[in-house]
Amino acid sequence: MATYQNLNELFQESERILQKLETDKSYCFDLYKTMKQHIDVCLGNKQYEALFDLLPYFEEPDSYPQFHNSSETRRIRILLHILKLELKFEKTPFFSTANDFNSLMEQYLLTVFAMRRLELALSEEAMAEAAAYLTTISPSIYAAMFLSQQEYFENYGNLYWNLYTCMKSFWSIVDKIQWLTWLFDKEPIQAAILELASLHMEVRNYSKAYQYLTTIPSPSKDIVALISSLKELL
């Protein structure tokens, strides 16, 4: 820790630090403005991979600590990680309908708001409005997964199952199995287990279907009969 001979030295050092903070703040504002312009251009031209030019600002926290205390820059980082997965697995990017930075942030917030409604399940009307919005943008399972992890949802059973029921007609069978597997790992609710077993039977993976069905506590007679039938196929 620095020591000072008198109050004047302390005041001078304090003034120097304040001036540096002001300079850093101005630099960050200018840099953030440039980042937003870069996003506008990339989205306007559908040049999604060029958005990864922004990753160093988020992957190197010691260089740009100011970008880790802003809600908007946090959302940009989340969206970039979603995009990496979507491009890797050849999915339509979550924000493919966004044409600029403002519409991107609006879509992010509306999606989280819709997911929050599915999590809380307060009324049929609220659920229907949330489902209607989500089906218009059709988020991939990677967008849904990342947002559910990063936006501090608590009732995973409600969220994952309700998301599944409104998106299952848009997701592939592989995606549906992956999504329900995530749900099973978090909260193995019976409806999801039955659906997961059904999907595995659809792709003739009978051993997996059997494995999931046997995790159901106090199964009904119909489920017991199905388990017995599957056992004979193994």
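How many helices and how many strands does the secondary structure of the protein come to? The count is 11 helices and 0 strands. Keep in mind that this is a predicted model. Read from start to end, the chain follows the pattern α-α-α-α-α-α-α-α-α-α-α.

Now take the protein as a whole. It has 234 residues, and 37% of them are buried. Its exposed surface is about 13,500 Å². Carbon and sulfur atoms supply 53% of that surface. Next, look at contacts between residues at least 6 apart in sequence. Of these, 60% join residues at least 24 apart.

Let us walk along one helix, α4. It covers residues 101–120. Does its length agree with what we should expect, and why? The helix has 20 residues, and at 1.5 Å a residue they should span 28 Å. The C-alpha atoms at its two ends are 29 Å apart, so the model agrees with the expected span.

Start at the N-terminal end of α4. Asp100 caps it. A side-chain oxygen of Asp100 lies 3.3 Å from the backbone nitrogen of Asn102. Move along the helix and you meet its buried residues. Among them are Phe101, Leu104, Met105, Tyr108, Val112 and Leu118. The buried set also includes Gln107, Thr111 and Glu119. After the helix comes Ala121. The phi of Ala121 is positive, near 50°.

Ala121 leads us to Met127, since the two residues touch. Met127 sits in helix α5, residues 124–137. Which other residues does Met127 touch, not counting those up to four places away in sequence? They are Arg117, Leu118 and Asn162. Leu118 has already appeared as one of the buried residues of α4. Now find Arg116. Met127 and Arg116 are 11 residues apart in sequence. In space, their C-alpha atoms are 9.7 Å apart.

Last, go to helix α9, residues 190–202, and find Leu196 there. Is Leu196 buried or exposed? Its relative accessibility is 0%, so Leu196 counts as buried; the cut-off for buried is under 20%. What surrounds Leu196, leaving aside neighbours within four places in sequence? Leu196 is in contact with Ile177, Leu180, Thr181, Phe184 and Tyr212. Pick out Tyr212 from that list. Tyr212 is 16 residues from Leu196 along the chain. The C-alpha atoms of the pair are separated by 7.5 Å.

Technical notes. Residues numbered from 1 in each chain as written. Predicted model: local features only at pLDDT ≥ 70, side-chain atom pairs only at ≥ 80, totals over all residues. Heavy atoms only, no water. Helix = DSSP H or I, 4+ residues; strand = E, 2+ residues; numbered from the N terminus. Expected span 1.5 Å × (residues − 1). Buried < 20%, exposed > 50% of the residue type's maximum accessible area, 1.4 Å probe, protein only. Polar contact = N/O pair within 3.5 Å; in protein donor to acceptor, adjacent residues only side chain to side chain. Contact = heavy atoms within 4.5 Å. Areas by Shrake-Rupley, 256 points an atom, 1.4 Å probe, with all protein chains shown as cover.
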